[in-house]
Amino acid sequence: MATHTVRSEHRRRIRLDDHLPVDHRLNKVYRVGAGLMGAGLLTFGIFGILHRIGFFDTGGDTVWSLNTNGALSWLSVAVGLLLMVGMVIGGNFASTLNMTLGVLFVLSGFLNMGLLETDYNFLAFQIQNCLLSFVIGILLLVFGMYGRVGSALPHDNPYYRARHPDLAEERDRDRERREEFPA
């Protein structure tokens, strides 16, 4: 039988969309991540549209050695534009967008892998598309979680401060003491 201890201390909950200062250095990571992935998807989608492939055609048309059709091309353009909007807005929006789309890309890779060689493969995915979906999803997750999640966040990180307000205040007091009375 397992026993659980109940903590009596009040613990402040953090949400992943808590405010970051506008000029925080992490903002660059979120923006670059969204911009790179968005530009790649947008370019892939535009090339697919320019090839004038049928909307739900599963005939094996390729762009950059990836199977595509009109539906996948337009979907790539839409997601690429959404990531570009995330790049322009930046901050927590870009980070949360990167994480959300990262999860969706990974799930899409698994779903479409299950639909390979079936009549339900309406996006004309092949194994290389599934693998790229996994890679894009993981990259988006890394870009989105950078500086927000981890066991070794610096003490001045706003997410660390929100999760550990008592420790953050103690660190601030220690820093102020060191500045006031240098050794």
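Leaving aside its neighbours within four places in sequence, which residues is Ser73 in contact with? Hello everyone, let me start there. In this predicted model, Ser73 is in contact with Gly45, Gly48, Ile49 and Thr68, once those sequence neighbours are set aside. Ser73 sits in helix α2, and it counts as buried because its relative accessible area is 0%, below the 20% cut-off.

Let me step back to the whole chain for a moment. The protein chain holds six helices and two strands. Reading from the N terminus, the order of elements is α-β-β-α-α-α-α-α. Of the 183 residues in the chain, 39% are buried. The exposed surface of the chain comes to about 11800 Å², with carbon and sulfur atoms supplying 62% of it. And for those of you who like contact maps: take the contacts with a separation of 6 or more, and residues 24 or more positions apart account for 68% of them.

Now back to helix α2, which covers residues 70-89. Another residue to look at here is Gly80, which lies in this helix. Gly80 has a relative accessibility of 0%, so it counts as buried. How far apart in space are the C-alpha atoms of Gly80 and Leu42? They are 4.6 Å apart, although 38 residues separate the two in sequence. Beyond the residues up to four places away in sequence, Gly80 touches Gly38, Leu41 and Leu42.

On to helix α3, and two of its residues. The first one I'd like to show you is Ala94, placed in helix α3. Is Ala94 buried or exposed? Ala94 is buried, because its relative accessibility is 0%. Leaving out residues up to four places away in sequence, Ala94 touches Tyr30 and Gly86. If you measure from Ala94 to Val29 on your screens, you should find 9.4 Å between the C-alpha atoms, for a pair 65 residues apart along the chain.

Next comes Asn98, also found in helix α3. With a relative accessibility of 0%, Asn98 counts as buried too. Its contacts, again not counting residues up to four places away in sequence, are Tyr30, Gly33, Ala34, Leu83, Leu140, Leu141, Phe143 and Gly144.

That list brings us to the packing of two helices. As a reminder, two packed helices are described by the angle between their axes and the distance between the axes. Here the pair is α3, residues 91-115, and α4, residues 127-145. Their axes come within 7 Å and cross at roughly 160°. Because that angle is over 145 degrees, α3 is roughly antiparallel to α4. The crossing of α3 past α4 is left-handed. What kinds of residues make up the contact of α3 with α4? There are 16 nonpolar and nine polar residues, and no charged ones.

Last stop: the loop between α3 and α4, where Glu117 lies. Most residues other than glycine have a negative phi. Glu117 is not a glycine, yet its phi is positive, at about 65°. Where the residues I picked in the helices were buried, Ala94 among them, Glu117 counts as exposed because its relative accessibility is 73%, over the 50% cut-off.

That's my tour, folks. Thanks for listening, and do rotate the model while we chat.

Key:
Residues numbered from 1 in each chain as written. Predicted model: local features only at pLDDT ≥ 70, side-chain atom pairs only at ≥ 80, totals over all residues. Heavy atoms only, no water. Axes fitted to C-alpha atoms, helices over the stretch in contact; angles between N-to-C directions. Helix = DSSP H or I, 4+ residues; strand = E, 2+ residues; numbered from the N terminus. Parallel < 35°, antiparallel > 145°, perpendicular 65-115°, else oblique. Left-handed = near helix turned anticlockwise from the far one by under 90°. Nonpolar A, V, L, I, M, F, W, Y, C, P; charged D, E, K, R; others polar. Buried < 20%, exposed > 50% of the residue type's maximum accessible area, 1.4 Å probe, protein only. Contact = heavy atoms within 4.5 Å. Areas by Shrake-Rupley, 256 points an atom, 1.4 Å probe, with all protein chains shown as cover.
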